[in-house]
Every structure is written in C-alpha cells, then in structure tokens.
Amino acid sequence: MPTRRIGRALAAAFAAVLLLPAAASAASLTPLKPCYVTSTDEVSKEIRREPVEFGGAGFTPGGLVDLAFDGKPQRTVQADAAGNLPGQVLDAPYRRKGQRAFKLTATDRSNAANTVEVVSNVTAFDVSIRPSTAAPSDRVRFRGRGFTQPGTVYGHYLYHGKVRKTVTLKKRPVAPCGTFSVKKRQIPVRRPRLGQWLLQIDQERRYHRAPERGAIRVVIRVERVFRRPR
C-alpha cells in the first residue's frame with residue numbers, strides 16, 4: 001500500500017476513536033457513618049431509627065436509581081442531569097438487640113452493571129446488668145452499646161427524683177458502635193435507702209431528664225433481706 005494511503009487510513013482510524021462517546025464513570029455513594037443506632041421508647045414502645053444520610057454520583061443522567069438495604073427496596077429516585085444523586089435520608093435498619101453490618105445498594109435502572117454498594121453497622125441502644133439480682137454493694141457487670149457520641153458514658157443514680165451520685169462508667173466507648181463492659185458496684189452509695197432507685201446512663205456529665213443524645217434508664221429496687229434463723 002502506498003505511503004499516502006497508509007497515512008489516510010491511520011488518520012481515519014484516529015478520527016473514529018475521537019468520535020467514540022466517553023465511557024460513563026462508575027457510580028459512587030458518599031461514605032456512611034461507621035455505625036447507626038436504633039432504639040425502642042420504654043413508655044410508648046415507639047421505634048426510633050437514626051437517619052442514614054448520603055448522596056451519589058456517576059449514574060445515568062436523568063435516570064432512575066433503586067435504593068435498597070440488604071436487598072430490601074427502600075425507594076426509587078431520579079439522578080439529575082449530571083448523573084448525581086440528590087441528598088437522601090433513609091431510616092437505618094431496625095435492630096432490637098446486639099449489632100450487625102448492613103449494606104446500602106444503589107442500582108442504575110438504565111445500566112444494571114452500574115451498581116454500587118457501601119457497608120456500615122447498626123446497633124441497638126441498650127444496657128444490661130448481670131447478675132440481675134445482687135446486693136447494692138456488690139460489683140456487677142454493666143454492658144452497653146449504642147453510645148456512639150464522642151465522650152464519656154456516665155451513670156446518674158436518682159432516688160425520689162433527686163440525683164444522689166454520678167459516676168463514670170466508661171471514658172471511651174469502643175468504636176464503631178459505642179460498646180463498653182465494666183464491673184462496678186451496683187449502687188455506689190453508702191447504705192442506700194430502701195425502695196426504688198433509678199439509674200440513668202447517658203453521655204452527659206450533668207444529669208438531664210431528657211438528654212438530646214438519648215439515655216437508658218434502669219430501675220433498681222433495694223429491699224430488706226430477712227435471713228431465716230438456723
């Protein structure tokens with residue numbers, strides 16, 4: 001083939017490459033928090049779930065995107081003209097006790113291969129005390145989870161509505177879901193009075209009846225023990 005024809009063929013091939021559409025960028029979601037908290041109101045039994053906030057990019061411009069938690073559909077939204085996903089807010093999956101990982105999936109309906117997944121954790125907000133029956137001065141095991149806010153976990157002991165003692169349960173709960181396990185006296189008060197005590201566990205240094213960051217309340221009953229004569 002003459003040199004001139006080779007040059008023309010190469011030029012035509014190069015022009016064809018330039019005319020090819022640019023490859024779509026892979027879809028992405030903004031990072032999630034390491035852990036989300038769910039709880040059940042002690043009185044109303046209302047379920048409370050922390051909101052999962054996120055956005056995304058790289059989807060088909062103007063296309064529909066299906067959102068799901070662990071394969072369970074949540075909603076369908078439309079990407080904007082640039083293929084970005086508007087800011088979204090979904091309630092975290094409910095967890096009655098313990099904690100687990102969960103997966104958020106966003107699937108591009110116009111291109112199912114353009115699917116993205118991100119993983120986080122969800123935990124119940126709770127505290128347990130073992131053994132459940134013990135003398136006020138006995139050391140018992142406090143276990144908690146869901147204390148994900150920065151700062152210390154405190155225990156406020158109330159008797160007849162008045163704070164009698166505030167103690168530090170854990171200075172730094174363990175990430176990602178704010179767990180702790182510690183042995184302490186059940187009631188760190190000398191000769192606690194008989195009757196009902198209320199222990200409020202939260203992350204507020206001073207006692208507030210309804211702290212913004214949430215609280216766990218445990219009722220402890222102090223009763224006189226009568227021993228049978230031998």
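The exercises below concern a predicted model of a single chain.

**Exercise 1. Describe the chain as a whole.**

Solution. Start with secondary structure: the chain has one helix and 16 strands. Next take burial: of its 230 residues, 36% count as buried. Then take the surface: the accessible area is about 15,000 Å², and carbon and sulfur atoms hold 51% of that area. Last, consider contacts with a separation of 6 or more: 60% of these join residues 24 or more positions apart.

**Exercise 2. Place G87 in the structure and decide whether G87 is buried or exposed.**

Solution. First locate the residue: G87 lies in strand β7, which spans residues 85-91. Then compare its relative accessible area, 68%, with the cut-off for exposed residues, over 50%. G87 is therefore exposed. Finally, relate G87 to T30, 57 residues away along the chain: their C-alpha atoms are 9.7 Å apart.

**Exercise 3. Work out which strands supply the largest nonpolar core, and which residues touch the most other members.**

Solution. Begin with the members: the core has 23 residues, and F142, F147, Y157, W197 and L199 touch the most other members. Now assign strands: β10, β11, β12, β13, β14, β15 and β16 each give at least two residues to this core. The largest share, four residues, is from β16. A second core, separate from this one, has 21 residues, among them A27, V65, L104 and V116.

**Exercise 4. List contacts of F142, leaving out residues up to four places away in sequence.**

Solution. Take the partners in sequence order: F142 touches S128 and I129, then Y157. Continue with F180, S181, V182, K184, R185 and Q186. The list ends with L199. Two of these partners, Y157 and L199, were named in Exercise 3 along with F142.

Key
Residues numbered from 1 in each chain as written. Predicted model: local features only at pLDDT ≥ 70, side-chain atom pairs only at ≥ 80, totals over all residues. Heavy atoms only, no water. Buried < 20%, exposed > 50% of the residue type's maximum accessible area, 1.4 Å probe, protein only. Core = buried A, V, L, I, M, F, W, Y, C linked by side-chain atoms within 4.5 Å. Contact = heavy atoms within 4.5 Å. Areas by Shrake-Rupley, 256 points an atom, 1.4 Å probe, with all protein chains shown as cover.
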